[in-house]
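Work through the following exercises with the coordinates open beside you. Each one sets a task and is followed by a solution in steps.

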Amino acid sequence: MPTKKHDNTKVHSSKIKTIYWILIVLFLSFLCYLPMLLQKQGLHIPAALLNAKYLFVLTPLTCSIIVEISEHTLKQWFLDLFTSKKIFQSILLCILFIIAGLTTSYIYSITKGSQHLFYNVYPTISFIIINGIYLFIMALLEEAAWRNFFLRRISNQTIKIHYTFYTGIIWGLWHIPMWYIRNSLTIKEILFFFIWTILLSLIIGFAYYNYQNIFILAFLHTIFNTCFLAPMEWNIILLIIILFIFALFTNLFKHKKCSI
């Protein structure tokens with residue numbers, strides 16, 4: 001029978017591995033965009049090295065799988081991806097976010113005179129389908145690492161809102177090389193996206209704890225990437241309002257299990 005000392009040693013080892021995971025993921029993810037950064041500085045970079053940017057999304061997932069293999073828990077991690085809880089409520093939640101995102105985008109387009117907002121972003125039906133499939137696959141890869149590995153690991157299945165907040169901070173830091181190097185965002189824009197990422201982490205973390213299904217998380221993630229077309233300032237305000245409503249009707253900000 002495991003002793004208390006053995007359990008404490010195991011917990012300490014898990015924390016150390018998680019810290020290493022964070023540091024390694026952030027470092028390797030930056031390396032994925034380093035060739036592009038050097039190219040922007042005027043250096044000649046071989047095309048093969050520039051393709052390293054495509055490994056960016058795979059880096060957290062690869063590191064997660066390596067940790068799970070080292071702890072002989074890969075099978076359980078994989079099975080946990082597809083745990084299904086409250087399917088009807090999860091679908092309803094996704095529909096509500098689609099409506100919220102598209103409505104806000106439409107209001108923005110009307111008030112700012114950007115009547116062609118939707119057409120400019122999604123010019124054809126085929127583009128919507130292809131873009132949606134691509135973003136859904138990318139979301140699957142991200143959610144498998146950031147929610148089903150990292151959030152689950154630091155929270156140890158205890159539902160507390162600050163764990164989703166911590167995940168949002170690290171998740172936001174991970175995005176910075178992409179925002180700054182690939183998308184050439186300004187410091188102000190990066191700050192807005194960082195806040196947005198933390199707010200998303202709170203909502204997607206809420207969905208993870210309640211529904212625990214990778215497809216629901218990925219679909220929700222895709223909705224945020226496709227339906228919220230207004231400027232980031234508008235979307236941040238919208239999510240703050242939504243989180244406030246969640247706080248009124250759920251125990252989202254209480255240190256106990258969430259329910260919807």
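**Exercise 1.** In this predicted model, compare the expected span of helix α3 (residues 58-70) with the distance between its end C-alpha atoms.

*Solution.* Begin with the number of residues in helix α3, which is 13. The expected span is 1.5 Å times one less than the number of residues, and for α3 this comes to 18 Å. The end C-alpha atoms of α3 are 18 Å apart, which agrees with the expected span. Beyond the helix, α3 is followed by His-72, whose phi is positive, near 60°.

**Exercise 2.** Determine which residues of α3 are buried, and which residues Trp-21 touches.

*Solution.* Taking under 20% relative accessible area as the cut-off for buried, the buried residues in α3 are Thr-59, Pro-60, Leu-61, Cys-63, Ser-64, Val-67 and Glu-68. Next, list the contacts of Trp-21, leaving out residues up to four places away in sequence: Trp-21 touches Pro-60, Cys-63, Ser-64 and Val-67, and also Ala-145, Trp-146, Phe-149 and Phe-150.

**Exercise 3.** Describe the largest nonpolar core and state which helix gives the most to this core.

*Solution.* The largest nonpolar core has 64 residues, of which Trp-21, Phe-97, Trp-146, Phe-224, Phe-228 and Leu-239 touch the most other members. At least two residues of this core are supplied by each of α1 (4-40), α3, α5 (87-111), α7 (125-155), α8 (161-182), α9 (187-211), α10 (214-226) and α11 (232-249). The helix that gives the most is α9, with 14 residues. A second, separate core consists of five residues, among them Tyr-108, Leu-117, Tyr-122 and Leu-229.

**Exercise 4.** Explain why Cys-32 does not form a bond with the closest cysteine sulfur.

*Solution.* A disulfide is a covalent bond between the sulfur atoms of two cysteines. The cut-off for such a pair is a sulfur separation within 2.5 Å. The closest cysteine sulfur to that of Cys-32 belongs to Cys-63 and is 9.6 Å away, which is too far for a bond. The structure as a whole holds zero disulfides. As for accessibility, Cys-32 counts as buried because its relative accessibility is 8%, and Cys-227 is likewise buried, with a relative accessible area of 11%.

**Exercise 5.** Characterise the protein chain by its secondary structure, burial and contacts.

*Solution.* The secondary structure comes to 11 helices and zero strands. Of the 260 residues in the chain, 43% count as buried, while about 14,500 Å² is exposed, with carbon and sulfur atoms supplying 71% of that area. Finally, among contacts with a separation of 6 or more, 76% join residues 24 or more positions apart.

Technical notes: Residues are numbered from 1 along each chain as its sequence is written. This is a predicted model: local features need pLDDT of at least 70, side-chain atom pairs count only at pLDDT 80 or more; totals for chains, interfaces and linings use all residues. Side-chain values use heavy atoms; hydrogens and water are left out. Buried means under 20% relative accessible area, exposed over 50%, partly exposed in between (1.4 Å probe, protein chains only). Helices (H or I, at least four residues) and strands (E, at least two) are DSSP runs, numbered from the N terminus. Contact means heavy atoms within 4.5 Å. Accessible areas come from the Shrake-Rupley method with a 1.4 Å probe; for residues, only the protein chains shown count as cover. A nonpolar core is a set of buried Ala, Val, Leu, Ile, Met, Phe, Trp, Tyr and Cys residues joined through side-chain atoms within 4.5 Å.
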